[in-house]
Amino acid sequence: MRYGIISDVHSNLVALKAVLGELEGRDIDKFVCPGDTVGYGPRPNECVRLVRELEPVSVVGNHDVAALDTAADEWFNAMARAAVVWTRQELSEGNSEYLRGLQPVAVFDDVTLVHGALAPDLWDYISSPWEAQPTFEAMKTQLCFVGHSHFAEWYELRPGAAVPLQVGATSGRTLTFTNGVRYIVNPGSVGQPRDGDPRAACAVYDTDQGTVEVLRVPYDIAECQRDMLEKGLPSPLAQRLGLGV
Ligand code: ZN
């Protein structure tokens, strides 16, 4: 079985299409989405529609929740909030309903799926071995996919080890499983990478090979930036796409 992992699309249709084009040639049996299909970018409806058509195993992200509920954006910074308020007005009833139907945690095929972290809080970021630890303690599967930080990387916890090991996968890298070792993998963000590589990120999980390949896919960043400015979205959100931060 080969899973295509697409996280944090953030309404970036150009990046999503590029990633799906790349995955088309890679024999994907099933898609997995760790959330945040909307927020920040200019094409929320098109992105949700495309993702829905893939019928992925999916969980809800914090921007998805905030696009449905005015109370959920309180802790967002001003630009993220401006984008989510705009997204809330744009989203069609059907697409809102799809996002509303997503659960915060999913388990399939010895894999746990959550947007932020399993513990201590669902919207916590996993950006260090110490932040990964509570999720390792809470997960009952060998593998967990997360999103949220927009960093392509993984954490591995060996039997008896006190602290997980953090492994960067910024420019693309393949993880090969070792028996008894457990993993938390962030495939990076399709639509707003923050790990210094502006190319769209995604991953392929191959259950037969026991591998997760993190990929980087170039896309027309300028096209998305133009679209954002035309829609009146905050210009720093457009600029950061060019830098991958
Ligand atoms: Zn996100």
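These legends describe close-up views of a predicted model.

**View 1. The zinc site is built from four side chains.**
Asp8, His10, Asp36 and His150 coordinate the zinc ion. The two Asp residues donate through OD and the two His residues through NE2. Donor distances run from 2.1 to 2.6 Å. Along the chain, the donors follow the spacing D-x1-H-x25-D-x113-H. The site is irregular, with angles of 86 to 177 degrees among its 4 donor atoms. Asp8 and His150 link distant parts of the chain, 142 residues apart. Asp8 sits in the loop between β1 (2–5) and α1. His150 sits in the loop between β6 (143–145) and β7 (152–157). Asp8 has 0% relative accessibility, so this ligand counts as buried. His150 has a relative accessible area of 1% and is therefore buried.

**View 2. His10 is a zinc ligand with a positive phi.**
His10 has a phi of about 50 degrees, although this residue is not a glycine. His10 lies in the loop between β1 and α1. That loop also holds Asp8. The ring of His10 reaches the zinc ion through NE2. At 1% relative accessibility, His10 is buried, because the cut-off for buried is under 20%.

**View 3. Tyr40 also has a positive phi.**
The phi of Tyr40 is about 70 degrees, and Tyr40 is not a glycine. Tyr40 belongs to the loop between β2 (30–33) and α2 (44–54). Its relative accessibility is 9%, so Tyr40 counts as buried.

**View 4. A cis peptide bond precedes Pro120.**
The bond in question runs from Ala119 to Pro120. Its omega is near -5 degrees. Pro120 is placed in the loop between β5 (111–114) and α6 (129–138).

**View 5. Arg2 and Asp206 form a salt bridge between two strands.**
The closest N and O atoms of Arg2 and Asp206 are 2.8 Å apart. Arg2 lies in strand β1, and Asp206 lies in strand β11 (residues 200–206), so the pair ties together parts that are 204 residues apart in sequence. The two partners fall into separate accessibility classes. Arg2 is partly exposed, at 22% relative accessibility. Asp206 is buried, at 6%. The model has 9 salt bridges by the rule used here.

**View 6. Arg216 pairs with Asp195.**
In this salt bridge the closest N and O atoms are 2.8 Å apart. Arg216 is in strand β12 (residues 211–217) and Asp195 is in the loop between β10 (182–187) and β11, so the contact ties together parts that are 21 residues apart in sequence. Both partners are buried. The relative accessible area is 11% for Arg216. For Asp195 the value is 10%.

**View 7. Four charged residues make a salt-bridge network.**
The members are Arg43, Glu46, Asp227 and Lys231. One of the links joins Lys231 to Asp227, with the closest N and O atoms 3.0 Å apart. Lys231 has 30% relative accessibility and counts as partly exposed. Asp227 has 12% and counts as buried. Two of the network residues, Arg43 and Asp227, also line the largest pocket.

**View 8. The largest pocket has a volume of about 160 Å³.**
Rolling a probe the size of a water molecule over the atoms shows where empty space is left. The lining of the largest pocket consists of Leu13, Val14, Lys17, Pro42, Arg43, Glu223, Cys224, Arg226, Asp227 and Glu230. Helices α1 (13–24) and α7 (221–230) each supply at least two of these residues. The largest share, 5 residues, comes from α7. By class, the lining has 4 nonpolar and 6 charged residues. No polar residues are present in the lining. Asp227, a lining residue, is the salt-bridge partner of Lys231.

Conventions
Residues numbered from 1 in each chain as written. Predicted model: local features only at pLDDT ≥ 70, side-chain atom pairs only at ≥ 80, totals over all residues. Heavy atoms only, no water. 1 Å grid on protein atoms, 1.4 Å probe; cavity = no way out; pocket = protein on both sides within 12 Å on 5 of 7 lines; lining within 4 Å. Points joined across faces, edges and corners; volume = space filled by probe spheres on them. Helix = DSSP H or I, 4+ residues; strand = E, 2+ residues; numbered from the N terminus. Nonpolar A, V, L, I, M, F, W, Y, C, P; charged D, E, K, R; others polar. Donors = N, O, S within 2.8 Å, 3.2 Å for Na, K, Ca; no water. Tetrahedral: all angles 85-135°; square planar, octahedral: opposite > 155°, others 65-115°. Buried < 20%, exposed > 50% of the residue type's maximum accessible area, 1.4 Å probe, protein only. Salt bridge = Lys/Arg side-chain N within 4 Å of Asp/Glu carboxyl O.
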